[in-house]
Amino acid sequence: GGTPLGMLADSLVNVTQALNSYSLLDLFLGKVPGSMGEVSALLILVGGAYLFARRSADFRPCVSMIGSFAIISLVVSFVAANSTVFTAIKPFEVLAYEILSGGLLFGAVFMITDPVTSPTTKIGRIIYGVTVGSLTALIRYAGAYPEGVAFSILIVNMFVPTIDHLMAGKPRGVNWKQVLGLGL
């Protein structure tokens, strides 16, 4: 079946109903409907810890993707909580629900860390993760589709050669031309 994130497809108004249907502990342990492998946040984090400990995957795109998504989600939740329509919203519960339901963790741990499609420099991987996380939030909050992780990874993968080109020769720092190029 669809993930519990589908309950938020219409708007954030449904978050109270969604949290009553599935607790955050159920979401963390994977006692919810969804695709095999993407519903148990605990097992995804264990798998990610194994990959990061073995240095098979880089943690930078993963952390920057989740971090940028979390910042945007908190901003949207705080703005919604201060409006007259969404008064019952608790921003940190919305953030936890958004991260634990759907494919955000699966995409952050197993899809975005693919060494073939990610940028080669460390700063490029951070930029890649921030861009994917921001685009995922944009698709979830402004689009008609409740998920958006796979779409955002595919879209940003088109720009990986550009990120690599702009970061060439600068494994640790950036100059103003590179920042301007990435901003554009």
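Modeller: Let's start with a definition: a contact means heavy atoms within 4.5 Å. One thing to keep in mind throughout is that this is a predicted model.

Colleague: Thanks! With that in hand, what share of the contacts with a separation of 6 or more comes from residues 24 or more positions apart?

Modeller: In this chain, such residues account for 66% of those contacts.

Colleague: And how many helices and strands are there in the chain?

Modeller: You will find ten helices and zero strands. Of the 184 residues, 41% are buried. The chain exposes about 9,800 Å², and carbon and sulfur atoms supply 67% of that area.

Colleague: Let's go inside. Which residues have the most contacts inside the largest nonpolar core?

Modeller: A nonpolar core is a set of buried nonpolar residues joined through their side-chain atoms. Here the largest one has 29 residues, and M65, I99, L105, Y128 and V132 have the most contacts inside it. Helices α3, α4, α5, α6, α7 and α8 each supply at least two of its residues, and α4 gives the most, with six.

Colleague: I'd like to follow one of those residues. What is L105 in contact with, leaving aside its neighbours within four places in sequence?

Modeller: L105 is in contact with A41, I44, L45, I66, I99 and L100. L105 is also one of the buried residues of α6, alongside L104, G107, A108 and V109. Together, the buried residues of α6 pack against α3, α4, α5, α7 and α8.

Colleague: Just before α6 there must be a loop. Where is S101 found?

Modeller: S101 is in the loop between α5 and α6. With a relative accessibility of 1%, S101 counts as buried. Its side chain reaches the backbone oxygen of Y97 at 2.5 Å.

Colleague: Now to the outside. Which residues make the nonpolar surface patch?

Modeller: L25, L29, L42, L43 and V46 make a patch of about 450 Å². Two helices, α2 and α3, give two or more residues to it, and α3 gives the most, with three.

Colleague: Take L43 in helix α3. Why does L43 count as exposed?

Modeller: The cut-off for exposed is over 50% relative accessible area. L43 has 56%, so it is exposed.

Colleague: Last topic: charges. How should I read a salt bridge, and how many are counted here?

Modeller: The general idea is that side chains of opposite charge can pair when their charged atoms come close. In this model the count comes to four salt bridges. One of them joins the side chains of R140 and E98, at 2.8 Å from N to O. R140 lies in helix α7 and E98 in helix α5, so the pair ties together parts that are 42 residues apart in sequence.

Colleague: Are R140 and E98 buried or exposed?

Modeller: R140 counts as buried at 8% relative accessibility, and E98 counts as buried at 3%. R140 also forms a salt bridge with E147, with the closest N and O atoms 3.0 Å apart. E147 is buried as well, with a relative accessible area of 14%.

Colleague: Which residues are joined into one network by salt bridges that share partners?

Modeller: That network joins D58, R60 and R125. Within it, the side chains of R60 and D58 meet at 2.8 Å, N to O. R60 is partly exposed, with a relative accessible area of 22%, whereas D58 is buried, at 13%.

Methods. Residues are numbered from 1 along each chain as its sequence is written. This is a predicted model: local features need pLDDT of at least 70, side-chain atom pairs count only at pLDDT 80 or more; totals for chains, interfaces and linings use all residues. Side-chain values use heavy atoms; hydrogens and water are left out. A nonpolar core is a set of buried Ala, Val, Leu, Ile, Met, Phe, Trp, Tyr and Cys residues joined through side-chain atoms within 4.5 Å. Buried means under 20% relative accessible area, exposed over 50%, partly exposed in between (1.4 Å probe, protein chains only). Helices (H or I, at least four residues) and strands (E, at least two) are DSSP runs, numbered from the N terminus. Patches are made of residues with over 30% relative accessible area and no salt bridge: like charges are joined within 9 Å, nonpolar side chains (Val, Leu, Ile, Met, Phe, Trp, Tyr) within 5 Å. Accessible areas come from the Shrake-Rupley method with a 1.4 Å probe; for residues, only the protein chains shown count as cover. A polar contact is a pair of N or O atoms within 3.5 Å; within protein, one must be able to donate a hydrogen and the other to accept it, and residues adjacent in sequence count only if both atoms are side-chain atoms.
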